[in-house]
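Please open the model in a viewer and keep the sequence panel at hand. The stops below proceed from sheets to aromatic rings and then to charges placed over rings.

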Amino acid sequence: MFHHESGCVTDRFRRICACAVLMWFAVLSCAFTQDVTLFKDDFSTVARGPLSSATGARTEYHYLPEAAPRSAWAVSNNRGWWSVRETDGDRFVYQNKVDEADYTHPMIVAGDIFWADYDLTVRFAPEYYSRQCGVVFRVQNDRCYYFFGVRGGQVVLKKVNHATGFHQPDETVLDIRNIAWEVGKMMEARVSLRGDRITARLDGYAQLSAVDSTFRTGGIGLTSNVPARFTSVEVTTTRGQQILAESARRKFEETEASLQARNPKPVVWKKIRTEGFGSGRSLRFGDMDGDGIIDVLIGQVLHHGPKDRNSEIGCLTAMTFEGRKLWQTGRPDPWKTVLTNDVAFQIHDIDRNGSSEVIYCRNFELVIADGLTGRVRVSIPTPETPERRYNPDINIFPHILGDCIYFCDLRGTGYDSDIILKDRYRYIWAYDDKLELLWKAECNTGHYPWAADTDGDGRDELLMGYTLFDDDGTVLWTLDGSLGDHADGVAILPFMPGEAPKVLCAASDEGVFFADLKGRIIKHHFIGHAQNPAVADFRSDMPGLEVVTINFWGNQGIVHFFDADGNLYHSFEPNQYGSMCEPVNWSGNSEMFFVHNANVDEGGVFDGRGRKVVMFPDDGHPDMCTAVLDIVGDQRDEIVVWDPDEIWVYTQNDNPRTGKIARVRKNPLYNESNYKTSVAIPE
């Protein structure tokens, strides 16, 4: 009897527990499927005025706070013009330009890359009938996303995934309908994302749908190639999807925090004041006083206009990192701190006598000066401006001003004592160390060259833009006739041990390509305006060397990673800025990192997987410019940060470090440029 009663109690208890579990699952299921708001904006709290400043080329390799987002929306590229306006008490975002390009589109973005399934509702009103206007979603960057909106007399659902050729976007129309809509009338777009299924409805007009799994997650954006108003945006999802997105974000941030905890922290080594004679990213580094310690040469840039198309060195100031001024030539001007280009000046022991010279162009002269005193040793007139000018705004004087200087070994002396001087952007001249002209040539020069002995004769060949010159100036091959735009950064390197070198080119709007030594393109990635390439062992788990590039014009801030075979293996967009992306031997281990910018929140040092592995301290340091080099002498790199008023040098908090430290071969300090391909090759 006892056992029977006990069994009844047990059965009753089990039934109660089962009901409770079912009720709990029902409540939990309801909670997980309940709609929650991820994002909502009617722009009522956003200050009226532009969403960004027109900073232009200054943000190619400078961090400028005026370019930072002023709301939850980031201006994703330099197309169009976005602002917040108000009419009759109602605020809205307005894009006020007609942009006729179809390879990139004006866009502002918001949200999180970890969002997966969500519903997006946007109210908007295009004020022109032609060209596209609408919403983007599952945004990876402003070259990879889904679009829904109107284009002429159609409503379109499409996928955009980079490009198939020069200014040829890779667009796949997933669904399309012909509709008749009224210009200036407000319409509402509703997009629903569930796994690979996309449903999009333009209220009162049409419903479109598609199945596509290219982009599984991503944020949102507004885009228009014509003047248009956007009045409200709302993103909702289920509680379950919100938890998944938050969990993914938290896991990524925890991984970054763990990596940051493992790496040395930046600590200040030196600070020097440069107020009145400082500059933007126009510094050179080298031992000018002969004491075996790196010094700094500050170049202020003089623009003759229009814009930056005719520029030269105005004032040079040589300093030690103890703050001692060695010499100064030219007149310093605290307003000459802005630059968006290279000018011709370097530090180099050109005569190989053990002491450095400063070589520069100013006042239509090519000058070799003593590094310790600044006294001119020898000078010659810069080349006469060629009669055939490809651009009437460039080279407006009888003699060229000099766009950059590069040193290499054309004569086979075993030393980089030959000088390459170029103009903007068509002609080059080669000189020996006595300033005797060796040869001159013409090509689409791009920004900055690279030299290497590609045929094994002991003399360098010169890769200038899309053209490879022999040591005597003979053209070995050129791609000028088959490629558009210009070369932003080039290199000739062996990317795998034992393999022949390959040509790397970050080719602005041509994207990134790899070629063999005969000029035959092996891989070509049309990823937008690529520049500032860096080559190093960014991934110790992958064979050979990796390449990092960053985009600018038309899609600034997208970072791409390529393996040793030239395959794209990862991309991310930390923010919408350009940067030098210089490789840094920070930890002393074999795996290199790269510096993005020095801002406390938006900058940092990243690894070859796109993770922030070092953060800059919140100590009031300047963050306009960065450079990377070994100054202290422990084989690891320091990070130099500066603005026109001061220069700070960061080293590691465990300096000096004992034990084995990875050794890498980097660009020689005498070949510095805002457009160089930065390398850190394992030795």
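The model is predicted.

**First stop: a sheet of seven strands**

Select the strands in the order S3-S6-S15-S8-S9-S10-S11; these seven form an open sheet with antiparallel pairing. The edges are held by strand S3 (74-75) and strand S11 (168-178). Each of these two has a single partner strand, so one side of each is left without a neighbour in the sheet.

Within this sheet, display strand S6 (residues 107-110) together with strand S15 (residues 219-224): the two run antiparallel and are joined by four bridges. To locate the register, pick Met107, whose bridge partner in S15 is Thr223.

**Second stop: strand S7 and its two partners**

Move to strand S7 (residues 119-126). Is this strand mostly covered or mostly uncovered? Seven of the eight residues of S7 are buried, and the strand is mostly covered.

Next, add strand S12 (residues 187-194), which runs antiparallel to S7 and is joined to it by six bridges. Here Val122 stands opposite Ala189 in S12. Then add strand S16 (residues 228-238), also antiparallel to S7, with eight bridges between them. For this pairing, select Thr121 and its bridge partner in S16, Glu234.

**Third stop: a sheet of six strands**

Now select S41-S40-S39-S38-S50-S49, the order of an open sheet of six strands whose pairing is mixed. Strand S41 (568-572) and strand S49 (664-666) are the edge strands, and each pairs on one side only. Direction ignored, neighbouring strands of this sheet are turned by 20° against each other on average.

At the S41 edge, strand S40 (residues 559-562) runs antiparallel to S41, and four bridges join them. Phe562 can serve as a landmark, standing opposite Leu568 in S41.

**Fourth stop: aromatic pairs**

Turn to the side-chain rings. How many aromatic pairs does a search of the whole structure find? The search finds 32.

Among them is the pair of Phe39 and Trp73, which is edge-to-face, with 5.4 Å centre to centre and 90° between the planes. Phe39 belongs to strand S1 (residues 35-41), whereas Trp73 lies in the loop between strand S2 (49-50) and S3. The pair therefore ties together parts that are 34 residues apart in sequence. Both Phe39 and Trp73 are buried.

Select Phe552 and Trp553 next. Their ring centres are 4.9 Å apart and their planes stand at 85°, so this pair is edge-to-face; the cut-off for that class is an angle over 60 degrees. Colouring by accessibility separates the two residues: Phe552 is buried, with a relative accessible area of 3%, while Trp553 counts as partly exposed at 33% relative accessibility.

A further selection shows a cluster linked by ring pairs: Phe538, Phe561, Tyr569, Phe572, Phe594 and Phe606.

**Last stop: charges over rings**

Finally, show Lys158 with Phe147. The charged end of Lys158 sits over the ring of Phe147, at 5.2 Å from the ring centre. Then show Arg284 with Phe345: the charged end of Arg284 sits over the ring of Phe345, 4.2 Å from its centre.

Terms used
Residues numbered from 1 in each chain as written. Predicted model: local features only at pLDDT ≥ 70, side-chain atom pairs only at ≥ 80, totals over all residues. Heavy atoms only, no water. Pairing = 2+ DSSP bridges. Axes fitted to C-alpha atoms, helices over the stretch in contact; angles between N-to-C directions. Buried < 20%, exposed > 50% of the residue type's maximum accessible area, 1.4 Å probe, protein only. Phe/Tyr/Trp six-rings, centres within 6.5 Å; stacked < 30°, edge-to-face > 60°. Lys NZ or Arg CZ within 6 Å of the ring centre and 35° of its normal.
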